[in-house]
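Here are a few worked exercises to try with the model open beside you. Have a go at each task before reading its solution.

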Amino acid sequence: MEEKEKVSKNFIETAIEKDLAEGVYDHVMTRFPPEPNGYLHIGHAKSILLNYGLAKKYNGKFNLRFDDTNPTKEKTEFVHSIEEDVRWLGADFEDRRYFASDYFDQMYEAALVLIKKGKAYVCDLTPEEIREYRGTLTEPGKESPYRNRSVEENLALFEDMKNGKFADGERVLRAKIDMAAGNINMRDPIIYRVAHMHHHNAGDKWCIYPMYDFAHPIEDAIEGISHSICTLEFEDHRPLYDWVVREVGFEQPPRQIEFAKMYLTNVVTGKRYIKKLVEEGVVDGWDDPRLVSIAALRRRGFTPESIKNFIELAGVSKAQSSVDYAMLEFCIRDDLKLKKSRMMAILDPIKVTITNYPEGQIEYLEVENNKENPELGSRKVPFSRDLYIERDDFMIDPPKKYFRMFPGNEVRFMNAYFIKCNDYKTDENGNVTELLCTYDPETKSGNDFTGRKVKGTIHWVCASECVDAEVRLYENLVDEEKGVYNEDGTMNINPNSLTVLKNCKLEINMKDSKAYDSFQFVRQGYFCCDAKDSKEDALVFNRIVSLKSSYKPKK
């Protein structure tokens, strides 16, 4: 008898399966409901993939819905970026792209239902007075003097609100629940406010807008969402969510379930902080590769598969915790190591002249693209008299156990020949400008030769057939030692977060690189062709991640 595979379910899956088994719902429908007021980040990726994964697992459907109830902060630019991010992550919402603003008429009707039931009233208190009347966590609130207006008066005033007869903040519509409730969210919360603002989707039809806590449960219920999966800060809002769908009269109300947000160490995710970084020119936009917005991760060269693996490794729980950024780096290395060709690139070049190699001759060497994955095949790499190597692969006076190039030493040039350094040239400042070397034609890589061995192997690029490129190296944007923020709220920006190398030499096989093409640069890391700044005649590569990892995955 075969042993059944043990499947570990998270608490959300357990709850969904219980609801299906008990007939609470006969389907699963989830949604991702971003507010279009900024770019999405890695934490949102967790919500997207969790909601989509649940729908897929239980043969359900997944919606993308923009919670655009606050026109003061929302832009069409953000709508487009969010839609692109969700599609890129592979969360297929098919043709189900909705807006909260699509339902403004139904929300207005729902508010009328509450007024007619005596469950909502128009309040004239100022925002400051409403806060004062609300009470504290230990003291109950007190009732508004406008709480007991008649249904007829409330209907008339709410109509006047809709028709633009009041200024912003002059009147609000509040739910009539319990000013002594232990949960402060249930103390007659505001459900509509006046805002004379143009809306990116609804235009100028409305000058009143629903509050999120009122709109969101209605949106879910209209769309037939079965399980409204959200983050833990909404746990205290769940009684209000349930109150709204119950009092408005939806027959099969959705169930809200909360999970812990994902916090990543030493990264900036707050929208207001990123906005500040963009405005001050610290970063070149919301997609700057030093950020962890989904657009930034994509531009840097992360893959949807790596982010999905990262989310799965991090897991789903009720407990707040931080995840090490090194785990995200581990996931992208793990995803790329068998997929990408290993190319030769020189980031800080020093010229090598092989004095006994025929002038003008070029030979093409057969090089495997990835020794760990033979299916990637091989390529031809040009070799000639004039080459480039990394500056730190040569020392005039090396320490012991230095096996790279120095005067009198012989090394193997990767996939080529044994090369011996005989002399070198310097400029007036003593900087080495050229190495004068000889090669042993009997030692061609792959040939059966004398059996001599060398201890060092270095990579190189043919000088006459190579590609000039700019290469950008990244470190964390914030100073890890000091923490993300100073006491005064300013950020500890790492001055070395971006290093730009202008005179890099890449092997000729990368000359046709396009946006998002990525490779392993031998000994340097994984690099991606920049989607914003790279041009056909001026390539720019971003380092996705170095080759070495500080993260040790659990067995």
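**Exercise 1. How much area does the protein chain expose, and what percentage of it do carbon and sulfur atoms supply?**

Before we start: this is a predicted model, in which local features need pLDDT of at least 70, side-chain atom pairs count only at pLDDT 80 or more, and totals for chains, interfaces and linings use all residues. Residues are numbered from 1 along each chain as its sequence is written, and side-chain values use heavy atoms, with hydrogens and water left out.

Step 1. The protein chain exposes about 26,900 Å² (Shrake-Rupley method, 1.4 Å probe).
Step 2. Carbon and sulfur atoms supply 47% of that area.
Step 3. On the inside, 51% of the 555 residues count as buried (under 20% relative accessible area).

**Exercise 2. Compare the radius of gyration of the protein chain with that of a compact globule of 555 residues.**

Step 1. The globule rule, 2.2 Å times the number of residues to the power 0.38, applies to a radius taken over C-alpha atoms.
Step 2. For 555 residues a compact globule would come out near 24 Å, but the protein chain has 31 Å.
Step 3. Along the principal axes, the C-alpha atoms fill a box of roughly 100 × 70 × 40 Å.

**Exercise 3. Describe the surroundings of Leu 114.**

Step 1. Leu 114 sits in helix α4, residues 104-116 (helices are DSSP runs of H or I, at least four residues).
Step 2. Its relative accessible area is 0%, so Leu 114 is buried.
Step 3. Beyond its neighbours within four places in sequence, Leu 114 has contacts (heavy atoms within 4.5 Å) that include Ile 191, Phe 214 and Trp 243.

**Exercise 4. Is strand β8 buried or exposed?**

Step 1. Strand β8 (a DSSP run of E, at least two residues) covers residues 227-231.
Step 2. 5 of its 5 residues are buried, so β8 is largely enclosed by the rest of the structure.
Step 3. In a regular strand the side chains alternate between the two faces of the sheet.
Step 4. In β8, His 227, Ile 229 and Thr 231 lie on one side, with Ser 228 and Cys 230 on the other, and all are buried.
Step 5. β8 pairs with β9 (residues 255-259) in the parallel sense over 5 bridges (pairing needs at least two DSSP bridges).
Step 6. Within that pairing, Cys 230 has Glu 258 as its bridge partner in β9.

Note on methods
Buried < 20%, exposed > 50% of the residue type's maximum accessible area, 1.4 Å probe, protein only.
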